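Biologist: Please take a close look at the aromatic rings in this model, and set them in the context of the elements around them.

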Amino acid sequence: MTAEPLERSLDRHEQRTVPAPYPDTLPPVLRTARDSDLSELRRLDEEVFQDVSYPGFLLRQLFDMYEEHFLVLDDGAGRLRGYVLAATRALGQDSWILGLCVTQDRRRHGLGRELMTEVLSRLRRDGIEVVRLTVEPANVAAILLYRSLGFRPEDPDAGLRRDYFGPGMDRQIMRLDLPGRADRGPGG
Ligand SMILES: CC(C)(COP(=O)(O)OP(=O)(O)OC[C@H]1O[C@@H](n2cnc3c(N)ncnc32)[C@H](O)[C@@H]1OP(=O)(O)O)[C@@H](O)C(=O)NCCC(=O)NCCS
């Protein structure tokens, strides 16, 4: 079985907002997910994605499959404030981002970028050369983040896939090429 893009629909789009004042706490620590995170991951996924959150059993199996590319933001007080999950194909050097979120109260402070930058770095280290993702075409915040990291819509049709996840659930496919091993210098 190959990994499929499971990025969920968000009908409650973020508008282009100015950053809120940072909560009066330390920034969360980015680390690899652990088995003991699963119940909190489920809660976080439901908080952000609500009716399109992953079922618990699927989160469990995604964790089992992709643990080293499943990263969380741990606030040190028992709460996770965000996660990113990348799934690599069993054959080939490509990967899909299957989930990315930051809790509402921590957005616009660079955490989404931090999650993406770290997972892309790990994917590159592990020999992945192409990363794709799907995004709801009106999700401006996410699209701007992805574009700033170098992702571009993948043709045809400027990445737009009508009814990609079912009737009325259009998605845009974005792609980032990572430099292959041969492109890196000695020790790279
Ligand atoms: C998308 C998401 C992960 C971004 O996380 P974040 O921590 O707020 O993002 P960052 O602070 O790292 O912002 C990085 C860049 O993204 C863009 N961006 C993020 N939020 C934005 C917003 N509300 N309006 C405009 N641009 C935004 C900006 O380009 C920003 O760079 P800048 O701060 O230099 O302007 C977060 O909004 C989220 O969890 N949304 C709900 C879930 C979701 O849509 N996931 C993606 C599914 S494909």
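Modeller: A residue counts as buried when its relative accessible area is under 20%, as exposed when that area is over 50%, and as partly exposed in between. Tyrosine 83, at 0% relative accessibility, is therefore buried, and phenylalanine 70 is buried as well because its relative accessible area is 0%. All of this concerns a predicted model, and the values that follow should be read in that light.

A pair of aromatic rings is described by the distance between the centres and the angle between the planes. The structure holds four aromatic pairs. In one of them, phenylalanine 70 and tyrosine 83 have ring centres 5.6 Å apart and planes at 50°, so the pair counts as tilted. Along the chain, the pair joins distant parts, since phenylalanine 70 sits in strand β2 (residues 70-74) and tyrosine 83 in strand β3 (residues 80-88), 13 residues apart. Tyrosine 164 and phenylalanine 165 also form an aromatic pair, which is edge-to-face, with 5.0 Å from centre to centre and 65° between the planes. Here tyrosine 164 is partly exposed because its relative accessibility is 28%, and phenylalanine 165 is likewise partly exposed, with a relative accessible area of 27%.

The buried rings belong to a wider group: Phe63, Phe70 and Tyr83 form one aromatic cluster. Phe63 leads on to the helices, for it is one of the α2 residues, together with Gly56, Leu59 and Arg60, that meet Leu38, Leu41, Arg42 and Asp45 in α1. By class, this contact of α1 with α2 consists of four nonpolar, one polar and three charged residues. Helix α1 (residues 38-49) and helix α2 (residues 56-66) pack at an angle of about 125°, their axes lying 10 Å apart; the two helices are therefore oblique to each other, and their crossing is right-handed.

Another helix contact that includes an aromatic residue involves helix α3 (residues 111-125) and helix α4 (residues 140-148), whose axes come within 11 Å and cross at roughly 45°. These helices, too, are therefore oblique to each other, and α3 passes α4 in a right-handed crossing. Gly112, Arg113 and Met116 of α3 make the contact with Leu145, Tyr146 and Ser148 of α4, and the residues of this contact divide into three nonpolar, two polar and one charged.

Methods
Residues numbered from 1 in each chain as written. Predicted model: local features only at pLDDT ≥ 70, side-chain atom pairs only at ≥ 80, totals over all residues. Heavy atoms only, no water. Axes fitted to C-alpha atoms, helices over the stretch in contact; angles between N-to-C directions. Helix = DSSP H or I, 4+ residues; strand = E, 2+ residues; numbered from the N terminus. Parallel < 35°, antiparallel > 145°, perpendicular 65-115°, else oblique. Left-handed = near helix turned anticlockwise from the far one by under 90°. Contact = heavy atoms within 4.5 Å. Nonpolar A, V, L, I, M, F, W, Y, C, P; charged D, E, K, R; others polar. Phe/Tyr/Trp six-rings, centres within 6.5 Å; stacked < 30°, edge-to-face > 60°. Buried < 20%, exposed > 50% of the residue type's maximum accessible area, 1.4 Å probe, protein only.
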